[in-house]
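Please look through the structure shown here, with attention to its charged side chains and its cysteines. The questions that follow take these topics in turn.

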Amino acid sequence: MGCDIITVSGDTKFVHLAWQTSEQELSAVKYQMGADPTGKLARMFGVWLEDAGVPLRGTFLISPDGTLMNTEINFLNMGRNIDEMMRKFKANMYLAKKATEGCPAKWKEEGDVTLKPSAKMVGKVHEALANDGNPA
Amino acid sequence: MSTETIQVGQAVPDFALETYNPATGDFDEVSIEKQKSEGRWTALFFYPADFTFV
């Protein structure tokens, strides 16, 4: 999908190797597994739990120019939903190419209705959503 | 050591991480500088620890 996924925990690269090669559930994993043993990177993103010494389940999307575009932070016991993540990733990657457009709440993929904020749009979002993005 | 937290819309400071790369079965490194120089999007997935449920 044009995005490099890097997983990060406080474990070292040696532990990542041991886990990935011993756990059959991870046998198909191809993404880089990053080591942040001091929590320096996790602190930068505000997900390091100082008392527990582990990071929260944080997801961060960074554009090719190095800008943080999206974040989602779940507590330790809440797993991530890949469909939720993919929608937000796709929307951000689409908007990077279409700077004048906005993705409404129901946007799922390229081709879905987008909105172009303008004076004509004011008070007419409902009509625009029903009319291929054009305020009636 | 405290580092200021980044907000959405802000530039991510340069960072590099040692990695294990399952695609090659070898150790590797990733850096935001390299991702930028290659014009690539990056998604960081933090999780609590290896050898726990995913």
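## Charges and cysteines

In this predicted model, K88(A) counts as partly exposed, at 21% relative accessibility.

Q: Which side chain meets that of K88(A) in a salt bridge, and is that residue buried or exposed?
A: The side chains of K88(A) and E72(A) meet at 3.0 Å, N to O. K88(A) lies in helix α3 (residues 82-97) of chain A and E72(A) in strand β6 (residues 68-74) of chain A, so the pair ties together parts that are 16 residues apart in sequence. Because buried means under 20% relative accessible area, the 11% of E72(A) places this residue among the buried. The partner is therefore E72(A), which counts as buried.

Q: Which residue of chain B meets D4(A) in a salt bridge?
A: D4(A) belongs to strand β1 (residues 3-9) of chain A, and the pair crosses between chains to the loop between α1 (32-37) and β3 (41-46) of chain B. The residue in that loop counts as partly exposed, with 32% relative accessibility. At a distance of 2.5 Å, N to O, the partner of D4(A) is R40(B).

Q: How many residues apart are D14(B) and K36(B), whose side chains meet in a salt bridge?
A: The two side chains meet at 3.9 Å, N to O, which is a salt bridge because the cut-off is within 4 Å. D14(B) is partly exposed, with a relative accessible area of 48%, and K36(B) is likewise partly exposed, at 33%. The pair links distant parts of the chain, with D14(B) in the segment before β1 (16-21) of chain B and K36(B) in helix α1 of chain B, and the separation is 22 residues.

Q: Which element gives the most to the negative surface patch?
A: The patch is formed by D26(B), D28(B), E29(B) and E33(B). One of these, D28(B), is partly exposed with a relative accessible area of 35%, so this residue passes the requirement of over 30% for patch members. D28(B) is found in strand β2 of chain B. With three residues, the element that gives the most is strand β2 (residues 26-31) of chain B.

Q: How many disulfides does the structure hold over all chains?
A: A disulfide is a covalent bond between the sulfur atoms of two cysteines. For C3(A), which is buried at 12% relative accessible area, the nearest cysteine sulfur is that of C103(A), 16 Å away. The cut-off for a disulfide is within 2.5 Å, and C103(A), partly exposed at 24% relative accessibility, is also in no disulfide. Over all chains, the number of disulfides is zero.

Methods
Residues are numbered from 1 along each chain as its sequence is written. Chains are lettered from A and ligands numbered from 1 in the order in which they are written. This is a predicted model: local features need pLDDT of at least 70, side-chain atom pairs count only at pLDDT 80 or more; totals for chains, interfaces and linings use all residues. Side-chain values use heavy atoms; hydrogens and water are left out. Patches are made of residues with over 30% relative accessible area and no salt bridge: like charges are joined within 9 Å, nonpolar side chains (Val, Leu, Ile, Met, Phe, Trp, Tyr) within 5 Å. Accessible areas come from the Shrake-Rupley method with a 1.4 Å probe; for residues, only the protein chains shown count as cover. Lys and Arg count as positive and Asp and Glu as negative; His and the chain ends are not counted. The place of a charge is taken as NZ of Lys, CZ of Arg, CG of Asp or CD of Glu. Helices (H or I, at least four residues) and strands (E, at least two) are DSSP runs, numbered from the N terminus. Buried means under 20% relative accessible area, exposed over 50%, partly exposed in between (1.4 Å probe, protein chains only).
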